[in-house]
Each structure stands twice: as structure tokens, then as C-alpha cells.
Amino acid sequence: MAMICVMVLVITALILLAKYPTVYYRLLEAGKRAVQAVAAARQHVYLPSLTVLSISRT
């Protein structure tokens, strides 16, 4: 319950701060950087081969 309250407060603060153009553009830039960081992290995920690990699905 406390986590939901904190999330609502943060989202409300972001919405209120987004009314100012400079803060709005900073939030957009931060969002773009976050999306790029997630995309870059996905490329570094190593998925091992089940054949190499000798793991059978049956």
C-alpha cells in the first residue's frame, strides 16, 4: 500500500513539473536515455545453448 502511494506521488509530481517547458524536455531526454540503456542491455544478454549444456527437454 505504501509503495502505491509513493508511486502515485511521484507520478503526480512528474505531471505537475511537466507543465514547465524546460522540465518537460528534460523528462523527455531522460526517457530517451532510459530506453536506449534498456536496448543496449538486451544486446549483452547471453543465452546458453541447451545442446552445449547437455540439457534435455524430455
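This is a short tour of a predicted model, with selections to make in your viewer.

**Stop 1: helix α1**

Start by selecting residues 2–17, which make up helix α1. Within this helix, pick out Ile 11. Is Ile 11 buried or exposed? Its relative accessibility is 46%, so Ile 11 counts as partly exposed. Now add Met 3, Met 7 and Ile 15 to your selection and show the surface: together with Ile 11, these residues make a nonpolar surface patch of about 430 Å².

**Stop 2: two tyrosines**

Next, select Tyr 24 and Tyr 25 and show their side chains. The structure holds 1 aromatic pair, and these two residues form it, in an edge-to-face arrangement. If you would like to check the geometry, look for 5.5 Å centre to centre and 70° between the planes. The planes count as edge-to-face because their angle is over 60 degrees. Colouring by accessibility is helpful here: Tyr 24 is partly exposed at 38%, while Tyr 25, at 54%, counts as exposed.

**Stop 3: a salt bridge in helix α2**

Finally, select residues 21–43, which form helix α2, and zoom in on Lys 32 and Glu 29. Which contact joins their side chains? They meet in a salt bridge, with 4.0 Å from N to O. How far apart are the two residues along the helix? Lys 32 and Glu 29 are 3 residues apart, so about one helical turn separates them. Glu 29 has 41% relative accessibility and therefore counts as partly exposed. You can end the search for such contacts here, as the structure holds 1 salt bridge.

Terms used: Residues are numbered from 1 along each chain as its sequence is written. This is a predicted model: local features need pLDDT of at least 70, side-chain atom pairs count only at pLDDT 80 or more; totals for chains, interfaces and linings use all residues. Side-chain values use heavy atoms; hydrogens and water are left out. Helices (H or I, at least four residues) and strands (E, at least two) are DSSP runs, numbered from the N terminus. Buried means under 20% relative accessible area, exposed over 50%, partly exposed in between (1.4 Å probe, protein chains only). Rings of Phe, Tyr and Trp (its six-membered ring) pair if their centres lie within 6.5 Å; planes under 30 degrees apart count as stacked, over 60 as edge-to-face and the rest as tilted. Patches are made of residues with over 30% relative accessible area and no salt bridge: like charges are joined within 9 Å, nonpolar side chains (Val, Leu, Ile, Met, Phe, Trp, Tyr) within 5 Å. Accessible areas come from the Shrake-Rupley method with a 1.4 Å probe; for residues, only the protein chains shown count as cover.
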